[in-house]
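Biologist: Please pick a single part of this model and take me through it closely, with the cut-offs spelled out as you go.

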Amino acid sequence: PHPNQAVNRVDANSGDGLGEEVVSVEATNYAQTINLTGNFQLPTLNLDPSSLEKTKEAFKKLFDFSATGSDGGTGGMGGSVFVSILGNTTHAIVEDGAKIYSGGDGGFNMKAEEANFTINLTQAGASGGKNSIAGGIAYVQQTSDTLAQLGAGAWVTGRDVRIYAGDLTTVASWVGGIALGESLGAGIAVAINNFDRKTRALIGDIDVSAGAQNVGEHISISGGVQTLARVSGELWAFTIAGSKVSESKKSDENSGGTGGTGGSGGSGGSGGTGGVPSVTDELGDASISQVADNKLTSQEQENNKKEGSKTGLGIAAAASINLIKDETISRVADVGSVNAGFVSVNASNDMGLVAATGGLAVASGDKGKTEIALAGAFSYNEVTANTQASILDTSMHLSGAAAPEAVLGVNALTTSHIFSIA
């Protein structure tokens, strides 16, 4: 032990002679992020304590908002694209040759941890008189390297050694595309989430090979040697597309027919045929104008019938692709000799994925009209979990002191889960 440790001090630490020195090496990466892209109208609530009626109206309007962001008399188009590329490197490292001396009542610990909470909201909407198209697209990529490493050639004495590496990331994603039109409505939503993470708690080199064992008692402690690599968190991915097509008819303002003319009358003697009265004389200039209006109205009605016979098409398409690749490694390798109470090497991965993908298309029109609604949803989810716990090329002398359960434990466990609906 180092001369500064309690057992070698002249005053024997003025107590139990163990010393309280603690050595910590830590690297952490914590973040909370909210990203909004596209058309969003969040609900608001304004309360008026002096008026019950105004408060009731405020509650009625709480969720009275439109999902479409653009509106046009002839056509509408809306689009939102969100791209996020995140790269995190979180390393806590003690290299070969370093000497760590902690107290018998203290200890030595290393920690590398990433903990992110992210909300991504992407939405596009459009409403048009005839044709309407709206699309929302989101691409999210995260690459993380979380490493807590004690070099195999480092020297450690004291009470215990604790090496921890953790990735605790939760991401919630919403992508939507909503379109409203009379002849054509197309809503499209596409979401891609791509995660690639390495989480490692190591005593020894990152890359190991057989027969590279160090010489000497590099770790000599009274308690335990513990390494833990852990991945946890959730990915929630919701991808929704919708469209509605409904025919809007012009109202028939003047539906009355034209009046007829009176019969003829004879004039003395043998009856002759009377002349047809003049439209100008009998009905006046205003009636001529009314007849013209009636003819125009009939033409408009004929045009409405032609327009109403056109096909209405509603399309909703949603696609979600979620790729998660995790490497979780806890390892003791090439240390040489370890003199301790117990050794525990653990790796765990309980990452969760929840994906909901849906498309809804509605086409409505009068009887006899051709209305077509097409909706589809595609979801692809892939989780690759490589979880390892191991001890390589290391001699161990374990006393069993302070052991919680097993004197020597090596455990690797993956309990990742996927829930997907489309």
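Modeller: Happy to; here is one strand with its partners, then the chain around that strand. The model is predicted, so to speak of local features we need pLDDT of at least 70, side-chain atom pairs count only at pLDDT 80 or more, and totals for chains, interfaces and linings use all residues. Numbering starts from 1 along each chain as its sequence is written, and side-chain values use heavy atoms, leaving out hydrogens and water.

Let's look at strand 8, residues 161–181 (strands are DSSP runs of E, at least two residues, and helices are runs of H or I, at least four, both numbered from the N terminus). Of its 21 residues, 16 are buried, so this strand is mostly covered (buried means under 20% relative accessible area, with a 1.4 Å probe and protein chains only).

Its pairings come next (two strands pair if DSSP finds at least two bridges between them). With strand 5, residues 107–128, strand 8 pairs in the parallel sense over 20 bridges; here Ala112 stands opposite Ala165. Strand 11, residues 224–232, also runs parallel to strand 8, joined by eight bridges, and Gly166 faces Arg230 there. Strand 12, residues 234–246, adds another parallel pairing, over 11 bridges, in which Val175 is opposite Thr239.

Stepping back, the protein chain holds two helices and 18 strands. Buried residues are 38% of its 422 residues. Among contacts with a separation of 6 or more, 87% link residues 24 or more positions apart (contact means heavy atoms within 4.5 Å).

How values were computed. Buried means under 20% relative accessible area, exposed over 50%, partly exposed in between (1.4 Å probe, protein chains only).
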